[in-house]
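I opened the notebook to record what I looked up, one item after another, beginning with a single residue and working outwards.

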Amino acid sequence: MGLATLWGHDRLWALSGDARMFGTVRLPPPKVGTTLSLEQALARRRSVRDFRKDPLTLEQLSQVLWAAQGSSDAAGHRTAPSAGALYPLELYALVGDVIGLEPGVYKFRAAEHDLVHTGDGDRRAEAAGIALGQSWIAASAAILVVAAVFARTTVKYGRRGERYVHMEAGHAAQNVYLQATALDLGVTVVGAFDDERLHALVGMDPDEAPLSLLPLGIAP
């Protein structure tokens with residue numbers, strides 16, 4: 001599904017009054033205009049570990065997910081560059097405090113611009129414990145989890161492809177930082193965690209490997 005088609009769903013989403021559809025959450029379409037310039041976002045970008053207690057809106061979460069791994073044209077290209085356009089990254093959201101969205105685990109689908117509900121319950125405190133007890137993570141409104149299927153890239157590039165996957169995860173994280181800055185949100189990329197426990201907490205597929213956490217909330 002291309003971006004033009006996604007924009008065509010805006011009216012349907014607005015009229016429905018409920019974003020949930022057959023185990024998926026229809027996300028508001030991404031916006032491509034902002035009052036903050038790229039140069040301003042780069043100058044203001046910081047790692048933020050303190051959050052206000054206010055919830056995220058579904059529109060804010062939608063925009064950040066799109067910035068990380070969303071479709072940017074009808075051909076299916078994404079917002080972050082990918083070696084060979086093979087797109088090994090998978091994105092999850094551990095939702096705790098997002099308006100209109102039940103706490104739980106959700107998997108982002110770039111082409112459909114929606115979330116698939118894959119697990120119930122608020123997992124933020126558990127994620128903080130898995131991340132070597134970094135308690136500030138639990139105060140975020142939602143935690144993005146970046147995972148990768150390395151074989152999608154290594155099948156073409158061999159062992160060198162592993163490096164390309166990590167580079168791609170960095171591109172996606174920087175996109176999240178800049179989008180968060182434009183939305184007055186706070187975020188910090190976290191790489192310290194127990195891989196196996198995080199894999200189990202999120203309920204990842206066997207071929208997926210966790211790469212990073214991005215706790216997200218309203219900046220103070």
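Is serine 212 buried or exposed? I kept in mind throughout that this is a predicted model. Serine 212 has a relative accessible area of 7%, and because the limit for calling a residue buried is under 20%, I entered serine 212 as buried.

Next I looked up where serine 212 sits and what surrounds it. The residue is found in strand β8, and, leaving out residues up to four places away in sequence, I noted that serine 212 touches Leu144, Val145 and Val146, together with Val189, Val190 and Phe193.

From there I turned to the pairing of β8, which spans residues 209-218 and pairs with β6 in the antiparallel sense over 7 bridges. Within that pairing I wrote down one bridge by name, in which leucine 214 of β8 is the partner of leucine 144. I then checked strand β3, residues 89-95, and found that β3 and β6 also pair in the antiparallel sense, over 7 bridges; here leucine 94 stands opposite isoleucine 143 of β6.

How many of the residues of strand β6 are buried? I noted 7 of the 7 residues in the stretch 142-148, so the strand is largely enclosed by the rest of the structure. In a regular strand the side chains alternate between the two faces of the sheet. I therefore sorted the side chains by direction, with the general rule of alternation in mind. Ala142, Leu144, Val146 and Ala148 point one way from β6, while Ile143, Val145 and Ala147 point the other way, and the residues of both sets are all buried.

My last entries concern helix α7, residues 160-182, which has 23 residues and reaches 34 Å from its first C-alpha to its last, close to the 33 Å expected at 1.5 Å a residue. Among the buried residues of α7 I listed Gly161, Val165, Glu168, Ala169, Ala172, Ala173 and Val176. After the helix comes aspartate 184, and I noted that its phi is positive, near 60 degrees.

Which residues of α4 meet α7? I recorded Gln63, Val64, Trp66, Ala67, Ala68 and Gln69 on the α4 side, which meet Glu168, Ala172, Asn175, Val176 and Gln179 in α7. Sorted by class, this contact has 6 nonpolar, 4 polar and 1 charged residues. For the geometry, I noted that the axes of α4 (residues 58-69) and α7 come within 7 Å and cross at roughly 150 degrees, and that α4 passes α7 in a right-handed crossing.

Terms used. Residues are numbered from 1 along each chain as its sequence is written. This is a predicted model: local features need pLDDT of at least 70, side-chain atom pairs count only at pLDDT 80 or more; totals for chains, interfaces and linings use all residues. Side-chain values use heavy atoms; hydrogens and water are left out. Helices (H or I, at least four residues) and strands (E, at least two) are DSSP runs, numbered from the N terminus. The expected span of a helix is 1.5 Å times one less than its number of residues. Buried means under 20% relative accessible area, exposed over 50%, partly exposed in between (1.4 Å probe, protein chains only). Two strands pair if DSSP finds at least two bridges between them. Contact means heavy atoms within 4.5 Å. Axes are lines fitted to C-alpha atoms, for helices over the stretch in contact, and angles run from 0 to 180 degrees between N-to-C directions. A crossing is left-handed if the near helix is turned anticlockwise from the far one by less than a right angle, and right-handed if clockwise. Ala, Val, Leu, Ile, Met, Phe, Trp, Tyr, Cys and Pro count as nonpolar, Asp, Glu, Lys and Arg as charged, and the others, Gly among them, as polar.
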